[in-house]
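Let's take a friendly walk through this structure together. Have the sequence and the 3D view open side by side as you read.

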Amino acid sequence: MAKLIYSAIASLEGNVEDEEGNFDWAAPDGEVFAFVNDLERPSGTYLYGRRMYETMVFWETVSTDADQSAVMRDFTELWRAAEKIVYSRTLQTVSSARTRIERNLNPDAVRALKQTSEADVTIGGAELAGQALALGLVDEYHLFLVPILVGGGKRALPDNIRAQLELLNEHRFRNGVVHLHYRVIV
Ligand SMILES: NC(=O)c1ccc[n+]([C@@H]2O[C@H](COP(=O)([O-])OP(=O)(O)OC[C@H]3O[C@@H](n4cnc5c(N)ncnc54)[C@H](OP(=O)(O)O)[C@@H]3O)[C@@H](O)[C@H]2O)c1
């Protein structure tokens with residue numbers, strides 16, 4: 001059975017964007033980017049909240065010429081190869097291949113996807129992922145903590161969830177980012 005994995009890059013206080021909606025401080029450097037690519041490599045399907053999709057769809061059309069760094073080229077290929085499901089009640093059309101829209105986060109449909117997928121499934125967008133966490137659908141978390149405090153903004157993890165976690169791995173990067181990999185203990 002495939003796992004559902006939530007990954008987020010957050011400030012030390014746990015925000016994925018600051019109060020102005022900026023997240024430029026979260027942009028991965030080459031070392032972090034290469035690590036993220038290796039995490040994404042086994043995933044076959046990405047579940048996105050509409051806002052995260054609107055950020056990530058950049059990778060559908062970004063130029064893949066020689067100016068692009070090797071890690072960006074690698075991510076571009078991974079992104080384009082993956083199946084994408086965008087959760088939205090407002091989006092009329094998608095602007096990437098291998099992409100469909102779902103109007104509701106149906107827990108049974110997500111469980112069925114996990115049952116039938118050979119490759120792992122990732123989920124992104126704090127609002128959507130928060131609902132999946134609350135529904136008990138998420139099996140593992142990858143949190144990248146950036147050495148910055150941004151004073152407020154959107155939280156990577158929602159309130160009102162209790163879960164026992166097992167730390168599976170941790171990694172320190174040269175730029176001070178720390179990666180924490182947790183499994184939800186059922
Ligand atoms: N820290 C980082 O590295 C990083 C990287 C990329 C992006 N970001 C930031 O993170 C933001 C994305 O996270 P987010 O929490 O704001 O939003 P999100 O979860 O990506 O998207 C929220 C939207 O998803 C749809 N949605 C949510 N739950 C749904 C449900 N149950 N059924 C159907 N549709 C549902 C709704 O779209 P509709 O309104 O269309 O119905 C909702 O407005 C980006 O905008 C960006 O600012 C941060």
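A97 is found in the loop between β4 and β5. Since this is a predicted model, everything described here is computed from its atoms. How exposed is A97? Its relative accessibility is 38%, so A97 counts as partly exposed, because that class covers the values between 20% and 50%. Now pick out L165 as well: 68 residues separate A97 and L165 along the chain, and their C-alpha atoms are 35 Å apart.

Stay in that loop for a moment, as R98 is found there too, between β4 (83-87) and β5 (99-102). R98 is not a glycine, yet its phi is positive, at about 55°. With 46% relative accessibility, R98 counts as partly exposed.

Another residue with a backbone angle of this kind is N160. Phi of N160 is near 70°, a positive value in a residue other than glycine. Look for N160 in the loop between β8 (154-155) and β9 (165-172). Is N160 buried or exposed? At 82% relative accessibility, N160 counts as exposed, because the cut-off for that class is over 50%.

From the loops we can move to a helix. Helix α4 spans residues 70-81, and A81 lies in it. A81 has a relative accessibility of 51% and therefore counts as exposed. From A81, look across to A126, which is 45 residues away along the chain; the C-alpha atoms of these two residues are separated by 23 Å.

A126 brings us to helix α6. Which residues of α6 are buried? They are A126, L128, A129, G130, A132 and L133. As you follow the helix, it helps to know that an α-helix has 3.6 residues a turn, so residues three or four places apart point the same way. Just after α6 comes G136, which takes a positive phi of about 75°.

A little further along is strand β7, made of residues 140-146, and E140 has its place there. E140 has a relative accessibility of 7%, so this residue counts as buried. What joins the side chains of E140 and K3? The link is a polar contact of 3.4 Å.

Now for the ligand. The space it takes is the largest pocket. Three elements give two or more residues to the shell around the ligand: β2 (15-17), α2 (50-56) and α6 (126-134). So the helix we visited earlier, α6, is one of the elements to look for around the ligand. How many residues surround the ligand? There are 24, and the closest are E17, R51, S88, T90 and Q131. Sorted by type, the shell residues divide into 9 nonpolar, 8 polar and 7 charged.

Zoom in on individual atoms to finish the tour. A polar side-chain atom of T90 lies 2.4 Å from an oxygen atom of the ligand. The backbone takes part in the surroundings as well: a backbone N or O atom of I9 is 2.7 Å from a nitrogen atom of the ligand, and one of Y87 is 3.4 Å from an oxygen atom of the ligand. On its own, the ligand has 930 Å² of accessible area, and the protein covers 90% of it.

How values were computed. Residues are numbered from 1 along each chain as its sequence is written. This is a predicted model: local features need pLDDT of at least 70, side-chain atom pairs count only at pLDDT 80 or more; totals for chains, interfaces and linings use all residues. Side-chain values use heavy atoms; hydrogens and water are left out. A residue is near a molecule or strand if one of its heavy atoms lies within 4 Å of it. A polar contact is a pair of N or O atoms within 3.5 Å; within protein, one must be able to donate a hydrogen and the other to accept it, and residues adjacent in sequence count only if both atoms are side-chain atoms. Accessible areas come from the Shrake-Rupley method with a 1.4 Å probe; for residues, only the protein chains shown count as cover. On a 1 Å grid over the protein atoms alone, a cavity is a set of points where a 1.4 Å probe fits but cannot get out, and a pocket is an open set with protein on both sides within 12 Å along at least five of seven lines; lining residues have an atom within 4 Å of a point. A molecule sits in a cavity or pocket if more than half of its atoms lie within 2 Å of its grid points. Helices (H or I, at least four residues) and strands (E, at least two) are DSSP runs, numbered from the N terminus. Ala, Val, Leu, Ile, Met, Phe, Trp, Tyr, Cys and Pro count as nonpolar, Asp, Glu, Lys and Arg as charged, and the others, Gly among them, as polar. Buried means under 20% relative accessible area, exposed over 50%, partly exposed in between (1.4 Å probe, protein chains only).
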